[in-house]
Every structure is written in structure tokens, then in C-alpha cells.
Amino acid sequence: MKRSLKFSLNKGNADKILALEKLYAEYIRTVNIFTTSLFNKQELSETYLKSLRSPLSCRYRQCAKRQAFKIFKSWCRNKKKGEKPVLRGSMILDYRFIEIQKSENSFDYWAKIATLNKGKPILIPFKSYDYANKYFNNWKLVNGGRLQKRDNGWFLLLTFEKETPKTKESGKVIGVDTGIKKLMVDSNGNQYGKEIEPLMNKIQRKQQGSKAFKRALKERDEYINKTVKEFPLNDKKVIVLENIKDIKKNTKKEKRLNKQFRSKFQRWTYSKLISRIQQLSEVDGVHCQMIAPAWTSQTCSRCGFVHKLNRNGEIFKCRNCDCTLDADWNASLNILNLGLTQQSMVAGNMKGNICL
Ligand SMILES: [Zn+2]
């Protein structure tokens with residue numbers, strides 16, 4: 001398993017930052033020449049690379065070429081009308097261009113970065129933080145790194161890896177419904193993250209892109225992280241979750257989800273929440289089983305009766321058997337049932353194969 005962490009490079013002095021700026025400008029220019037060439041179906045031959053007028057070293061040109069290919073490939077996969085493939089993100093540098101060293105003095109680490117001046121790399125100090133120390137100490141740092149320029153300065157992204165623990169063989173199977181009134185409700189009726197709604201409203205009140213908007217997003221992310229951490233994993237073997245990716249296709253079927261996730265911020269919140277649950281589960285050897293949403297909010301978890309009017313806001317009341325409970329709890333019970341059905345089908349198929 002891999003995790004990426006971000007570090008600020010703002011401790012670098014003006015000269016070093018200037019060297020970084022120059023490298024970045026030239027690197028971006030070169031990558032974008034390459035992506036334009038690929039766009040125009042031109043081959044990026046060695047001769048072409050050498051013929052380019054640029055202070056970038058041959059190695060850096062190769063590096064830019066690799067990144068141009070990546071950008072072009074991903075552009076081919078999701079072409080947008082009128083848009084050309086360009087570098088928007090970070091510089092992806094391998095071990096030949098960036099090296100991380102542990103520092104003896106007050107700064108925690110140094111990033112040694114090759115610049116436009118051949119043989120004269122710069123050393124930029126950066127500080128670790130509590131959360132990152134755990135990774136520096138217990139995970140393996142992957143060679144290389146990404147350099148990112150943002151409005152508020154320069155950042156370094158490092159990747160850490162560790163062997164993925166085996167999934168547990170014993171433990172509870174639990175269904176989890178995710179929503180915007182409560183982030184998570186499990187099939188035992190436990191609720192987590194009940195204060196998410198005001199945070200979402202706050203985001204929507206702010207002007208997109210403003211400082212206050214970014215602060216509100218950060219606050220939401222922290223709340224998601226805190227909530228997922230509160231969810232106990234130690235006694236679990238499998239967590240069953242609905243897969244948001246299927247929601248688009250099922251909009252007519254699943255009006256509730258459509259309504260809940262109509263705003264893109266809610267979509268992002270959902271995917272953040274899911275990936276956070278998946279990350280923490282992975283570390284603990286808990287399997288996340290993703291199922292397609294299927295009327296989980298309208299179905300009675302006790303008798304299986306499906307009706308739109310079964311649900312009334314946060315309350316579920318079955319029109320067939322009168323079973324009454326929290327609507328999200330009911331949904332999570334259905335999610336659990338769907339997960340268990342799927343598991344027994346898979347097990348059944350496997351048995352069938354053995355018989356054959
Ligand atoms: Zn019922």
C-alpha cells in the first residue's frame with residue numbers, strides 16, 4: 001500500500017526558490033512543447049529531443065518526455081472539447097533529480113534537487129510533522145518526489161510504501177450507509193459524523209476559490225478524517241459500502257442519492273469519505289466490499305417491501321409491516337444484506353466450480 005504526504009518547502013531561501021522557479025518554468029515549457037507535439041502526432045525521437053533549444057539537461061528532457069506521455073495518455077482517456085493536453089499539476093521527478101536526506105540540525109529533512117545549473121543541486125530544508133513522522137519511521141520512503149507550486153508557495157509530495165496487511169479471516173461483517181446528515185451509519189445503528197451538514201452548508205455559502213472557501217474545505221476534510229478514525233475497525237472483517245460511481249447510472253432508481261449528491265461538493269465529500277474508509281481499512285486488514293446502490297433507502301430491512309413512501313425524511317416506516325427505525329440505519333441494514341447475498345453467491349459459484 002502507498003500513501004502520499006505533502007511538505008512545505010517555504011524554508012528555502014530566496015536564491016534557492018529562484019532556482020526552483022527557473023527550473024519549473026523551463027520544465028513546464030518543455031513538457032508542454034512535447035504534449036503539443038504528441039497532440040500533432042509528432043514522434044518524440046532522440047534527435048528531436050536533442051534539437052530542442054533549452055537549458056534543460058538531457059536527463060531532464062527525458063524526464064519531461066515521460067511526463068508528457070503520461071499527460072497525453074490521460075488526456076486521450078478523458079478528452080474535453082477544445083482542450084489541449086497541458087501540464088497543470090506537479091513535476092514528477094525520480095531519484096536522479098531529487099533526493100531526501102535526514103538533517104542533523106534544526107530542520108528535519110533536506111530535499112536535494114537538481115536544477116538548470118548542471119552539477120549544482122540545491123538543498124532545501126523542510127520540516128516533518130507529527131502525522132508524517134509515523135511514515136518516516138515505519139514506512140519505506142519511495143525514491144523521487146513531486147514538486148508542486150501553489151499560490152501559497154512550494155510543496156514537496158513524497159510517497160511512502162508498506163506491505164499491505166493480509167485481510168482478516170475472522171471478524172464482523174458490517175454495512176455502512178454514507179450520507180450528508182450523518183457521514184456514516186452502520187448496520188448496528190451507530191451514527192458517526194453528525195455535524196457534517198453545517199460544514200457542507202458553510203462551503204456552499206463561500207465564494208468558490210476564496211480563502212474562506214478553502215478553509216471551509218479543509219475543515220470538512222479534517223472532520224471526515226476525525227469521523228473515520230472514530231469508526232472502530234478492530235472487530236471488523238468486512239465493511240459493505242455503496243459505490244457512488246454507480247449512482248449516475250441509477251439516478252432514476254435512486255432519487256434519494258441523486259438528491260443528496262446533486263452538488264459536486266457532496267460528490268467530492270463522498271469520494272473523500274470512501275477513500276478514507278478504504279485507506280484505514282487497508283491498514284487494519286479489513287476488506288471494503290463495494291456494492292451497487294439498489295433502492296436501499298426505500299426497502300424495508302425487515303420484510304423486504306419496497307416503496308417510495310416508506311421513507312419520510314430521517315424516519316423509515318414500512319407500509320407493509322410497520323417496522324419503524326432511523327432511515328439511514330435501515331439503509332445500512334439493506335447494504336449489509338446486499339453484501340452478504342453477494343458474498344454467498346460468490347461462495348456458491350466457487351463450490352459449483354469445485355463440483356465440476
Ligand atoms: Zn417491512
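Select Val-176 and Asp-186: in this predicted model, Asp-186 of strand S10 is the bridge partner of Val-176. Now widen the selection to the strands around that pair. S9 covers residues 172–178 and S10 covers residues 184–186. The two run antiparallel, joined by three bridges.

**The five-stranded sheet**

Stay here and bring up the rest of the sheet. It is open, has five strands, and reads S11-S10-S9-S12-S13. The pairing is mixed. Which strands are at the edges? Select 191–192 for S11 and 287–291 for S13. Each of these edge strands pairs on one side only.

**Around strand S8**

Next, select residues 153–161, strand S8. Several strands pair with S8, and they can be added in turn.

- Add residues 2–8, strand S1. S1 and S8 are antiparallel, with seven bridges between them. Pick out Phe-7: Leu-156 of S8 stands opposite.
- Add residues 140–141, strand S6. Two bridges link S6 to S8, again in the antiparallel sense. Leu-141 has Phe-160 of S8 as its bridge partner.
- Add residues 145–150, strand S7. S7 pairs with S8 through five bridges, antiparallel.

Keep S7 and S8 on screen. How many residues lie in the hairpin that joins S7 to S8? The connection runs through two residues. Show two cross-strand pairs here. Gln-148 faces Phe-155 in S8. Leu-147 has Leu-156 of S8 as its bridge partner.

Leu-156 is worth labelling. Phe-7 stands opposite Leu-156, and Leu-147 is also a bridge partner of Leu-156.

Now look for another partner of S7. Select residues 91–93, strand S2. S2 and S7 run antiparallel and share three bridges. Which residue of S7 is the bridge partner of Met-91? Leu-147 is that partner. Leu-147 therefore has bridge partners in two strands: Met-91 in one pairing and Leu-156 of S8 in another.

While side chains are displayed, keep one general point in mind. In a regular strand, side chains alternate between the two faces of the sheet.

**The three-stranded sheet**

Jump to residues 311–312, 315–317 and 324–326. These are S14, S15 and S16. They form an open sheet in the order S14-S15-S16, with antiparallel pairing. S14 and S16 stand at the edges with a single partner strand each, so one side of each has no neighbour in the sheet. Zoom in on S14 and S15, which are joined by two bridges. Asn-312 stands opposite Ile-315 of S15.

**Helices H1 and H3**

Two packed helices are described by the angle between their axes and the distance between the axes. Select residues 14–39 for H1 and 58–77 for H3. Their axes are 8 Å apart and the packing angle is about 50°. That angle makes H1 oblique to H3. The crossing is right-handed.

Show the contact residues as sticks. From H1, take Tyr-27, Thr-30, Val-31, Phe-34, Thr-35 and Leu-38. From H3, take Tyr-60, Arg-61, Ala-64, Lys-65, Gln-67, Ala-68, Ile-71 and Phe-72. Colour by class: nine are nonpolar, three polar and two charged.

**Helices H5 and H6**

Move to residues 196–205 for H5 and 211–230 for H6. Here the axes lie 9 Å apart, at an angle of about 160°. H5 is therefore roughly antiparallel to H6. H5 passes H6 in a left-handed crossing.

Which residues of H5 meet H6? Ile-196, Leu-199, Met-200, Lys-202 and Ile-203 do. Their counterparts in H6 are Phe-213, Ala-216, Leu-217, Glu-219, Arg-220 and Tyr-223. This contact has eight nonpolar and three charged residues, with no polar ones.

**Last stop: confidence**

Colour the model by pLDDT. The mean for the protein is 88, and 92% of residues reach 70 or more. Then select residues 248–254. Throughout this stretch pLDDT stays under 50. The model has six contacts for this stretch beyond four places in sequence.

Terms used
Residues numbered from 1 in each chain as written. Predicted model: local features only at pLDDT ≥ 70, side-chain atom pairs only at ≥ 80, totals over all residues. Helix = DSSP H or I, 4+ residues; strand = E, 2+ residues; numbered from the N terminus. Axes fitted to C-alpha atoms, helices over the stretch in contact; angles between N-to-C directions. Parallel < 35°, antiparallel > 145°, perpendicular 65-115°, else oblique. Left-handed = near helix turned anticlockwise from the far one by under 90°. Contact = placed C-beta atoms within 7 Å. Nonpolar A, V, L, I, M, F, W, Y, C, P; charged D, E, K, R; others polar. pLDDT = per-residue confidence, 0-100.
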